[in-house]
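Me: I have a structure open and should like to talk through its helices. Could we go step by step?

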Amino acid sequence: MQPVLLKKSATRALPTIITFLKSGTSFFVLLIFVMFYMPSWYAYITPKTLMLVSLCSFIGPIVAWYFYVRAMKSLDITIVHPLVNSYPAISILLDLIFFGIVPKFIALLGFVLIVIGLFYMRHSDKKRRTGERHALLFALITAVLWGINTFLFKIVLFEIPPIVMTLLRAFFAMLFLLIFNLVVFKNGIIKEIKKVILQEVILAGIAGDFLSMFFFFLAIKHGMLYIVLPLSATSPFMSAVYARIFLKENIDTLRISGIVFIVLGGILVGLGNL
């Protein structure tokens, strides 16, 4: 649902402004929630956790979301979301590089399906303009960054509870982006904020950065990546349904095929570590 909520704002406002407002909404809602749910949450904060969470916040909510929103400016959600959701392949590759976890045949088959899916998505809607082709690269960069971030999440969650991770992630993202926007736009930041559809960004912050990230962190803390990532990789199906209903996006056969292959590939990549 989050990509659908942000689609209109993405065509009007700058990615750094949208992400700042989204992260800020998430942080303040989370802060209220955590103060009641876990009053001693601050006891988990150490220099090590601050360093790791700040790194995750910079890679994910800032850099990755910048490219994600840039991609959504030119491409349909039914193209962008499946592309960025190929990130489980990156996470499993990092497991291989750093922990020597060799993927089984089923995982390798998943890689092949993802590549086929990316090929179909690349050739969907052949009338795409050159600028829109560049947006495909932005979506793929997002996938790589999300894959790296998911790998880091698993490491950080050995140190802190999921709800604290979610709160700190939102705080650092908001802080970094506030500094960036103040430096770049200075007195014009209010003017830029007015271009955003605030209701959409607030709902996206609550639904995406608060609820979905909390349950995602909870899942990867108590479950294995090879179980959690394949399940999360199915989300493009729902975003395609929402985009078709609410945004009236046209979904051709190639695009449907690309979604199916990428989702199935993500599932097989994860299951390959069973």
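Me: What phi does Lys186 take, just after α8?
Reply: Lys186 takes a positive phi of about 50° just after α8. Helices here are DSSP runs (H or I, at least four residues), numbered from the N terminus. This is a predicted model, in which local features need pLDDT of at least 70 and side-chain atom pairs count only at pLDDT 80 or more, while totals for chains, interfaces and linings use all residues. Residues are numbered from 1 along each chain as its sequence is written, and side-chain values use heavy atoms, with hydrogens and water left out.

Me: And how far does α8 reach?
Reply: Helix α8 (residues 162-185) has 24 residues and reaches 34 Å from its first C-alpha to its last, close to the 34 Å expected at 1.5 Å a residue. The expected span is 1.5 Å times one less than the number of residues.

Me: Which residues of α3 and α8 make their contact?
Reply: The axes of α3 and α8 cross at roughly 65° and come within 8 Å. Axes are lines fitted to C-alpha atoms, for helices over the stretch in contact, with angles from 0 to 180 degrees between N-to-C directions. On α3 the contact (heavy atoms within 4.5 Å) includes Leu50, Val53 and Phe58, and on α8 Met165, Leu168 and Phe172 are among the residues. By class, this contact has 12 nonpolar, 2 polar and 1 charged residues. Ala, Val, Leu, Ile, Met, Phe, Trp, Tyr, Cys and Pro count as nonpolar, Asp, Glu, Lys and Arg as charged, and the others, Gly among them, as polar.

Me: Turning to α3 itself, where is its kink centred?
Reply: The kink in α3 is centred on Trp65 and is about 35°, the bend being the angle between axes fitted to the seven residues ending there and the seven starting there. The end C-alpha atoms of α3 are 40 Å apart, in agreement with the 40 Å that its 28 residues should span at 1.5 Å a residue.

Me: What does Trp65 meet, on the α2 side?
Reply: The axes of helix α2 (residues 15-37) and α3 come within 9 Å and cross at roughly 125°. Trp65 is one of the α3 residues in the contact, along with Pro61 and Tyr66, and the α2 residues include Pro15, Ile18 and Lys22. The contact of α2 with α3 divides into 6 nonpolar, 3 polar and 3 charged residues.

Me: Last one: which residues of α3 meet α4?
Reply: Tyr68, Ala71 and Met72 in α3 meet Ile77, Val80, His81 and Val84 in α4.

Note on methods
Helix = DSSP H or I, 4+ residues; strand = E, 2+ residues; numbered from the N terminus.
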